[in-house]
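Thanks for making time, everyone. I'll walk you through one structure today, so have a look at the screen before I start.

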Amino acid sequence: MGVLKSAGALVLVLAIISILAINAMANKNCNTSTIVPGNNFNHTAGDFWGAYRHKNATDQGSKKIVVGGSENWHFGFNYTDWAIKNGPFYLNDTLVFKYDPPNDTTFPHSVYLLPNLWSYQNCDLKRAKKIGEVNAGAGEGFEFVLKRWQPHFFACGERNGFHCKVGLMKFTIWPLIRNWYN
């Protein structure tokens, strides 16, 4: 039993480190050497964080972000890289998943929310929750609101996790609390 607790604690620590690393990568262009002490951590030219916010973010609250941008949700696109480049994401932001419904020329896609880092790393769907059926991404797609301050592990569950494992159709984000960073 002690080994299971240690393994669980290790997975939790790894999850936290991974999420923090992703958030750090999202702000990798941040140059703190130009902060003026005593100036409320702002650049002399204005808002320090303004140039490093999410591309869709403004000071007016939550945003809708299309997963994959113009690429939408499809096999072979690196969504982990997309999440790093387009972060940070904030609580109450809405992710929009758009994908073609299955037909003669496309494979079906779906969206699952995986329960933990281990399931995410292994594309294990056993305890995952399906949040987007194969037809849900058609047209304007479907929306998922980031309501909890916790890691969110997303993956395509089609073909028993093949799209997740081989097709790069997975990403993880931990939404930030907007008031802390704005």
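**Strands, cores and a disulfide**

Let me begin in the sheet, with V111, whose bridge partner in β4 is G132. One thing to say up front: this is a predicted model. Okay, back to the strands. β3 and β4 run antiparallel to each other, paired over 3 bridges. β3 also pairs with β6, again in the antiparallel sense and over 3 bridges. On that side, L114 has F153 of β6 as its bridge partner, and Y112 stands opposite A155, also in β6. Then β6 goes on to pair with β7, antiparallel, over 4 bridges. If you want a residue to find that pairing by, take F153, whose bridge partner in β7 is T172.

Now, the side chains. In a regular strand, the side chains alternate between the two faces of the sheet. So which residues of β3 sit on which side? V111 and L113 are on one side, Y112 and L114 are on the other, and all of them are buried, which leaves both faces of β3 covered. β6, residues 152-155, tells a similar story: H152 and F154 point one way, F153 and A155 point the other way, and all are buried.

That brings me to the cores. The largest nonpolar core has 21 residues. The ones with the most contacts inside it are W73, L95, F97, F154 and F171. Where does this core draw its residues from? At least two residues each come from α2 (79-86), β2 (94-97), β3 (111-114), β5 (142-145) and β7 (170-173). α2 gives the most, with 3 residues. Apart from that core lies another one, of 10 residues, and Y112, L125, F153 and C164 are among them. Keep C164 in mind, please.

On to the cysteines, then. A disulfide is a covalent bond between the sulfur atoms of two cysteines. How many does the structure hold? It holds 1. That disulfide joins C123 to C164, with an S to S distance of 2.0 Å. The link between C123 and C164 is left-handed, with -75° about the S-S bond. What does the pair tie together? C123 lies in the loop between α3 (117-122) and β4 (129-132), and C164 is in helix α4 (residues 162-165), so the link connects parts that are 41 residues apart in sequence. C123 has 5% relative accessibility, so this residue counts as buried. C164 is buried as well, at a relative accessible area of 2%.

I can guess the next one: what about C156? C156 is in no disulfide, and the nearest cysteine sulfur, the one of C164, is 8.2 Å away. And is C156 buried or exposed? Buried, with a relative accessible area of 0%.

Next, the pocket. The largest pocket has a volume of about 300 Å³. It is lined by 14 residues, and the closest to its centre are L113, L114, Q150, P151 and H152. You've already met L113 and L114 as buried residues of β3, and H152 as a buried residue of β6. The elements that give two or more residues to the lining are β3, β4, β5 and β6. By class, that lining has 8 nonpolar, 2 polar and 4 charged residues.

Last, a few backbone oddities. The peptide bond from G87 to P88 is cis, with omega near 0°. P88 lies in the loop between α2 and β2. That loop between α2 and β2 also holds N92, and N92 has a positive phi, near 75°, in a residue other than glycine. N92 is partly exposed, with a relative accessible area of 44%.

The other one to flag is N72, which is not a glycine but has a positive phi of about 60°. You'll find N72 in the loop between β1 (64-66) and α2. N72 counts as partly exposed, at 25% relative accessibility.

If you take away one thing to look up on screen, make it the disulfide from C123 to C164, with C164 also sitting in the core of 10 residues. That's my tour, thanks.

Note on methods
Residues numbered from 1 in each chain as written. Predicted model: local features only at pLDDT ≥ 70, side-chain atom pairs only at ≥ 80, totals over all residues. Heavy atoms only, no water. Core = buried A, V, L, I, M, F, W, Y, C linked by side-chain atoms within 4.5 Å. Buried < 20%, exposed > 50% of the residue type's maximum accessible area, 1.4 Å probe, protein only. Disulfide = S-S within 2.5 Å. Pairing = 2+ DSSP bridges. 1 Å grid on protein atoms, 1.4 Å probe; cavity = no way out; pocket = protein on both sides within 12 Å on 5 of 7 lines; lining within 4 Å. Points joined across faces, edges and corners; volume = space filled by probe spheres on them. Nonpolar A, V, L, I, M, F, W, Y, C, P; charged D, E, K, R; others polar.
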